[in-house]
Amino acid sequence: QHGIVHDRFNQVMAGQGVDVEKATANLRSFIRTTQKYLPKKYQLAMTAAFEHFTATLGEAMLKEDSDMIREADPVMRALFLWHGVEEVEHKAVAYDLYQTVAGGGYVTRVSALVVGTLMIHLVVAPVFWNMLKLDGVTRQPGVILRGLNRLYGRRGILIRMMPEFLDWFRPGFHPWETGMPEKVAAWLDEYGRHGDPMRASAAVYDGEHLEAAA
């Protein structure tokens, strides 16, 4: 399901003029290189590290109570909320596999997150820049600075997720120690009632409207 949604999203983006193949070239190259040169155990450690990053980001996004999500287009909001919830749901799968089946190790696990975080930035940065270029704002430093502040500023999403992100470096850490954010649980509960991601995301952010309608 995760891969299907990514592919369908990319198809929509391509239909809007985005060169998806060019945007994802670095990612494909990175995957091929790691699969060719890195030991299988280290590849698994990096998968677990990536899942920690994306799950922590998903939790931070769902905790975010701002107009960025609340007032987003309902379809896009539902897509990103579903994605965030999905990342949280399986945040310990690769980790447990690494620890129990591959006989994981602390040093390998820690280094995998350091390398993985660097790779995420190297792979994602060109995609961001390409999207900004398509929107015609690469020559608007104010827009770029506001975006960077939203990510890396004192109250930025990536900065506020640091405590949970850095938990990875504690010996004996397990992803489920961070629990399940309230909005993730609320989304899952609502989705379980009817299987409609649009209604589930609306219930999380516009519950008062649904209650009034009922």
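Pro181 sits in the loop that joins helix 11 (162-166) to helix 12 (182-194). The structure is a predicted model, and this loop is a convenient place to enter it. With a relative accessibility of 8%, Pro181 counts as buried, since the cut-off for that class is under 20% relative accessible area. When residues up to four places away in sequence are left out, Pro181 touches Glu59, Lys63 and Val88. The C-alpha atoms of Pro181 and Leu62 are 7.7 Å apart in space, although 119 residues separate the two in sequence.

The loop between helix 11 and helix 12 also holds Pro175. Pro175 has a relative accessible area of 3% and is therefore buried. Its contacts, again without residues up to four places away in sequence, are Lys91, Ala92 and Tyr95. Pro175 and Arg150 are 25 residues apart along the chain, and their C-alpha atoms are separated by 25 Å.

Pro175 leads to an internal space. A search of the whole structure finds one cavity of 30 Å³ or more, and the volume of the largest cavity is about 60 Å³. Its lining consists of His52, Ala55, Thr56, Glu59, Lys91, Glu164, Phe173, Pro175 and Thr178. Two residues already met as contacts of the loop prolines recur in this lining: Glu59, which Pro181 touches, and Lys91, which Pro175 touches. Helix 4 (residues 40-63) gives the largest share of the lining, with four residues. By residue class, the lining of the largest cavity divides into three nonpolar, three polar and three charged residues.

His52, one of the residues that line the largest cavity, is found in helix 4. Because its relative accessible area is 5%, His52 is classed as buried. Leaving aside neighbours within four places in sequence, His52 is in contact with Leu113, Glu164, Phe165, Trp168 and Phe173. Among these partners, Glu164 and Phe173 also belong to the lining of the largest cavity.

The next feature is an open one. The second largest pocket encloses about 410 Å³ of space. It is lined by 14 residues, of which Val5, Arg8, Val75, Leu79 and Trp82 are the closest to its centre. Helix 1 (2-15), helix 6 (74-89) and helix 13 (197-205) each contribute at least two residues to the lining of this pocket. The lining of the second largest pocket comprises twelve nonpolar residues, one polar residue and one charged residue, whereas the lining of the largest cavity has three residues in each of these classes.

The path ends at a pair of helices. The axes of helix 3 (residues 25-37) and helix 8 (residues 106-134) come within 8 Å and cross at roughly 150°. Angles over 145 degrees count as roughly antiparallel, and helix 3 and helix 8 are therefore roughly antiparallel to each other. In their contact, Asn26, Leu27 and Phe30 of helix 3 meet Met119, Leu122, Val123 and Pro126 of helix 8. The residues of this contact divide into six nonpolar, one polar and no charged.

Notes: Residues numbered from 1 in each chain as written. Predicted model: local features only at pLDDT ≥ 70, side-chain atom pairs only at ≥ 80, totals over all residues. Heavy atoms only, no water. 1 Å grid on protein atoms, 1.4 Å probe; cavity = no way out; pocket = protein on both sides within 12 Å on 5 of 7 lines; lining within 4 Å. Points joined across faces, edges and corners; volume = space filled by probe spheres on them. Nonpolar A, V, L, I, M, F, W, Y, C, P; charged D, E, K, R; others polar. Axes fitted to C-alpha atoms, helices over the stretch in contact; angles between N-to-C directions. Parallel < 35°, antiparallel > 145°, perpendicular 65-115°, else oblique. Contact = heavy atoms within 4.5 Å. Buried < 20%, exposed > 50% of the residue type's maximum accessible area, 1.4 Å probe, protein only.
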